[in-house]
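Thank you all for making the time this morning. I would like to walk through one model with you, going slowly from its sheets to its helices and then to a few single residues.

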Amino acid sequence: MIKKSKISELLNIKYPIIQGGMVWNSGWKLVSEVSNCGGLGLLGSGSMYPDELQKEITECKKHTDKPFGVNLPLFYPQVNEHIDIIVKNKIPVVFTSAGSPKLYTDLFKKHNIKVFHVVSSLKFALKAEASGVDAIVAEGFEAGGHNGIEETTTFCLVPNLKKHINLPVIAAGGIATGQQILAALVLGAEGVQIGSRFAATLESSSHINFKNAIVQTKEGDKQLTLKELTPVRLIKNSFFKEIQFAYEKGVSSEELRSILGKGRAKKGMLEGNLIDGELEIGQCSSLIDNIVSVKSVFNELISDFNKTYSTIYSL
């Protein structure tokens, strides 16, 4: 019952369901399987060197003949090399974030690559629309990983963007069930981007320890922190508690940066260090209680969507 939308038509996919391009989670196995199931898989290039991105794209093309894309954080130090690889491989769509899409949108469009930009506020949505992007991803405060400082929830952000911009809007942040997909579409979204639910799948490239941590989290086990540096929602492990203790002592931004150090996200999500690693996940992880295949996730999402739709519209 999930009908064709502007997003599914723009992307040439069966379902308007996009898998978030999560660092250390979104490798070729996850991405190709999401695309094979009728959604759009996104490679998480923010945790890849250029040669790794090329390898992941090559593997994706071997394992799916369906469209897939690349999530491109614009602050990435080797962003120009990533762009060259994306253009060379004729990737049909990029999801840009963490920077101004104005810098690269014209370049992508010149190569017939669609640009979807991730925002956390109306202010940045308007700027993205003015830069010529094809669609907006409205990422609410519930999202895991790097987040906006406005703390606007998905259910407030989506209708506000629909009220003020003319581009298709994709809802992101806190979405893990078919019921939530229906709710997002009712609010005016043309599709959804889902991260945490796909992180806890057999095909996700993250460590099994991290996947187990996702399904074990309860309400209140995650919190946004490090707003002075780059806001990020983390599971409350020892590393998170170290940050909170630093706040209590009133340390400077430079000292916080020293505590964060380098490689924390890789240590936590890829290497499975649940004590000292950075464990990025969304609020909706409390709705996730198993690690299953991508195919099983899609079956559950579509089934729950259809049941909820039938129940509501038969009243």
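Let me begin with a question: which residue in β3 does G41 stand opposite? It is F68, and before I build on that pairing I should say that what you see here is a predicted model.

The strand that holds G41 is β2, residues 41–44, and both of its faces are covered, with G41 and L43 buried on one side and L42 and G44 buried on the other. That arrangement can be read against a general pattern, namely that side chains in a regular strand alternate between the two faces of the sheet. β2 pairs with β3, residues 68–73, in the parallel sense, and 4 bridges connect the two. Another of the facing pairs is L43, which stands opposite V70 in β3.

If we now step back to the whole sheet, we find an open arrangement of 8 strands, paired in parallel, in the order β1-β9-β8-β6-β5-β4-β3-β2. β1 and β2 stand at the edges with a single partner strand each, so one side of each is left without a neighbour in the sheet. On average, and ignoring direction, neighbouring strands of this sheet are turned by 25° against each other. Helix α2, residues 28–36, packs on the sheet and touches β1, β2 and β3, and its direction makes about 165° with that of β2. Helix α4, residues 79–88, also packs on the sheet, where it touches β3 and β4, and its direction makes about 165° with that of β3.

There is also an open sheet of 3 strands, in the order β7-β11-β10, and here the pairing is antiparallel. Its edges are β7 and β10, each with a single partner strand, so one side of each has no neighbour in the sheet. Between β10 and β11, residues 232–235, there are 4 bridges, and T225 stands opposite V232 in β11. Helix α11, residues 238–249, lies across β10 and β11 and runs at about 45° to β10.

Turning to the helices, I would like to look at α7 first. Which of its residues are buried? In this helix, residues 154–164, they are T154, L157, V158 and L161, and seen down the axis they fall within an arc of 95°, so they line one face of the helix. The general background is that an α-helix has 3.6 residues a turn, so residues three or four places apart point the same way. The buried residues of α7 are covered by elements that include β5, α6, β6 and β8.

Helix α8, residues 178–186, can be described in a similar manner, with G178, I181, L182 and A184 as its buried residues. These cover an arc of only 160° around the axis, which puts them on the same side of α8, and they pack against β1, β8, β9 and α14. Just after α8, G188 takes a positive phi of about 115°.

What, then, does the interior look like? The largest nonpolar core has 73 residues, and those with the most contacts inside it are I17, L43, F108, I136, L161 and F198. Helix α14, residues 294–313, supplies the largest share of this core, 6 residues. Apart from it lies another core, of 14 residues, with L11, I18, V118 and I170 among them. L161, which we met in α7, is in contact with residues including V119, L122, I136 and V169, once its neighbours within four places in sequence are left aside.

I will finish with some loop residues. S120 is in the loop between β5 and α6, and the side chain of S120 makes a polar contact of 2.8 Å with the side chain of E150. Is S120 buried or exposed? Its relative accessibility is 13%, so it counts as buried. Beyond its neighbours within four places in sequence, the contacts of S120 include E139, G148 and L157.

As for the backbone, most residues other than glycine have a negative phi. W24, in the loop between β1 and α2, has a positive phi of about 65° although it is not a glycine. E151, in the loop between β7 and α7, has a positive phi near 60° and is likewise a residue other than glycine; at 40% relative accessibility, E151 counts as partly exposed.

Terms used
Residues are numbered from 1 along each chain as its sequence is written. This is a predicted model: local features need pLDDT of at least 70, side-chain atom pairs count only at pLDDT 80 or more; totals for chains, interfaces and linings use all residues. Side-chain values use heavy atoms; hydrogens and water are left out. A nonpolar core is a set of buried Ala, Val, Leu, Ile, Met, Phe, Trp, Tyr and Cys residues joined through side-chain atoms within 4.5 Å. Buried means under 20% relative accessible area, exposed over 50%, partly exposed in between (1.4 Å probe, protein chains only). Contact means heavy atoms within 4.5 Å. Two strands pair if DSSP finds at least two bridges between them. Axes are lines fitted to C-alpha atoms, for helices over the stretch in contact, and angles run from 0 to 180 degrees between N-to-C directions. The arc is that of the directions from the helix axis to the C-beta atoms. A polar contact is a pair of N or O atoms within 3.5 Å; within protein, one must be able to donate a hydrogen and the other to accept it, and residues adjacent in sequence count only if both atoms are side-chain atoms.
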